[in-house]
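User: Please walk me through this model. I would like short answers with cut-offs.

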Amino acid sequence: MQDSHVNEHAIRKVVIVGGGTAGWMAAAAFAALLSKQVEIVLIESDEIGTVGVGEATIPPLTAFNKMVGIAEDEFLAASQGTFKLGIEFVDWGAIGERYFHPFGPHGQDFRGVHFHQLYLRERERRALPDIREWSMSGVAAELGRFARPGPDVRLPLSQLAYAFHFDASLYAAFLRAHSECGGVRRVEGKIVDAALDAESGEVRSVTLEDGRRFEGELFLDCSGFRGLLIEHKLGTGYEDWSRWLPCDRALAVPTSLAGPPEPFTRATARANGWQWRIPLQHRMGNGLVYASEHWSREDAEAVLLANLEAEPIASPRHLAFTAGRRRQAWNANVVSLGLSTGFVEPLESTSIHLIQSSIAKLVALFPDRRFNPAERDEYNRQMQDVFEDVRDFIVLHYKATRRDDSAFWNYCREMDVPDTLAGKLELWRSKGRLFREGRELFGTASWVAVLLGQGIVPEGQEPATDAIDPAFAGDALDKMHQSYRSMAEHMPTHADFIAQACPAA
C-alpha cells in the first residue's frame, strides 16, 4: 500500500552530469537533504580536467558547509585552506591607489541611518582614515590577524565575517568523499550522447563512451563551459555580456609561498586586465584575467610571470570564456549549475556562491515529474536576478576608474552600463543612497567599499543624517574606531590560528 504522504509523481532519480566543484557541491547538498527519497548518480570522467581556478570564496559558503554537515576545520585541512576577510584592490581607481573591500558591515547604523552616511558627514568636518578602519574584518586583515567569532560573541568581534581560500580540486575531492558516504553513486565515464523524449523534449538518458546508458528524471548539467545538455542538446542560448565585461581570457599559475599567508585576496589592475593573488597553506594561487583584444596569450603570460612574488611550481594554464549567462538556467528537465549556467569573472569570488545559490533555489523549488512551468519560470527569474546583480557589482569596478593609461581602461571608463547599475550610481552620487535590503549578496557595506575606494564620493547625505548631533556622532565614531583596532590587536595571527585549528597534513 502506498504511503498517502508520498507524491506519486515524486522524482526518484537525479543524474548529475560532471563533477568538479559544481557537481560535488550539488551531490553533497542533495545527499544531505534528499537522499532518503531520491537516488543520486554522478557521472564524471577523470580524462576531463576541471577549470578549478575558483580558489577564493565569500562568506555564505560557511552556511553551505553547515547545511551539508561539513566540519570547517576538517575541510580546511583537507583543501590546504586559509581564511579570507576581504579583497584588497590595487591600482583600480588610479595607479598608486589601493582600497579594501571587507566582509561584514562598516561600523554600526544609528537610528535607521546607515553608518556610511555619518562617516561621510564627519569626513567633511575633519580628516578621517579610510572607512575600512571601521570594519572588524578590515582591521583584522590589515594586521594579519584572525579569530573565529563564536555564537555568543559580542561586538565588535560579532561583526567579523569571513570566507575561505582553498585548492578547488582538493575541495571537490573532499566533497566527493563526503557525498559518497551520504549515498551518492559515482560513475566513471565520458558522456557522448543524450536521448530526448520525442513528445516532451525532456532528456531521458545519457550514453557513455563504452555504451552504458543511464536514465534519469531530473538532470543537473555540471559539464562546465561545454553545457553538454543545457546547450548542446537543448539549445538554450546564451546572453553575452562582453560589452560591459570585455575580459575574455584567463591564465593561472601557482607559486611557492614567499611568507605566511595573509587573510585576504589581492586583485591588482594591470594595463589590460587584472591579476589575482590567493594565499593557501601550501602555495600561492596567481592568475591574470585579461582582454584578448589588447593582449596576446604571450603578452599576458609575460606580464603575469614578471609580477610573481616567488618561483612558479607549474606551467601556466590558459582559459577562454565569454562573460554572460544561459538564457534559462532550467530548461525542460535539465538544470545547469556552475560554468554551464554562465560566467562572471572571478573579481569578487562569486563563482562558488552562484553554484550554492542555484542549489538552494533548486531545493526550494524542487520539482516532481510533471515539471510545473510555474516552478521553472520562478527559478529562472530568481537566477537571472542573482546573476545580473553580481554582473552590475563587477561592472562597477571597471566603470568607476579614472585610469587613462590604455585603450582598455578608456573603454571601461566611458562605456554605457546596464540601466540597473546606472540607476544605482545616480542614487549614490546624489545623497549616498543604496538599497540592498533583501539582496543575498553584496550588501550596502560592499558597495560603499568599492564606490568610496574608487573615488566616487556623493554630493550630500540623507536628510535624516542631519537629525543626529554631529558632536555625539563624532564621539561615537572615535570610540568604534578604537574598539575595532583594540579587538584586532588581541587576536592571534592568521598563521598561528591555522596552525592551531586546521593545519594541512
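**Helix H9 and its surroundings**

Analyst: The buried residues of H9 are Ile352, His353, Leu354, Ile355, Gln356, Ser357, Ser358, Ile359, Lys361 and Leu362. Buried means under 20% relative accessible area, with a 1.4 Å probe and protein chains only. Helices (H or I, at least four residues) and strands (E, at least two) are DSSP runs, numbered from the N terminus. This is a predicted model: local features need pLDDT of at least 70, side-chain atom pairs count only at pLDDT 80 or more, and totals for chains, interfaces and linings use all residues. Residues are numbered from 1 along each chain as its sequence is written, and side-chain values use heavy atoms, without hydrogens and water.

User: How many of the 14 residues of H9 are buried?

Analyst: H9 is mostly covered. What covers its buried residues includes helix H1 (20-33), helix H2 (61-68) and helix H10 (373-399). Contact here means heavy atoms within 4.5 Å. The count of buried residues is 10.

User: Which element gives the most to the largest nonpolar core?

Analyst: A nonpolar core is a set of buried Ala, Val, Leu, Ile, Met, Phe, Trp, Tyr and Cys residues joined through side-chain atoms within 4.5 Å. The largest has 132 residues, and Phe30, Trp92, Leu220 and Tyr398 touch the most other members. With 10 residues, the top contributor to this core is H10.

User: How far apart are the end C-alpha atoms of H9?

Analyst: The expected span is 1.5 Å times one less than the number of residues. For the 14 residues of H9 (residues 351-364) that gives 20 Å. The model agrees, with the end C-alpha atoms apart by 20 Å.

Key
Buried < 20%, exposed > 50% of the residue type's maximum accessible area, 1.4 Å probe, protein only.
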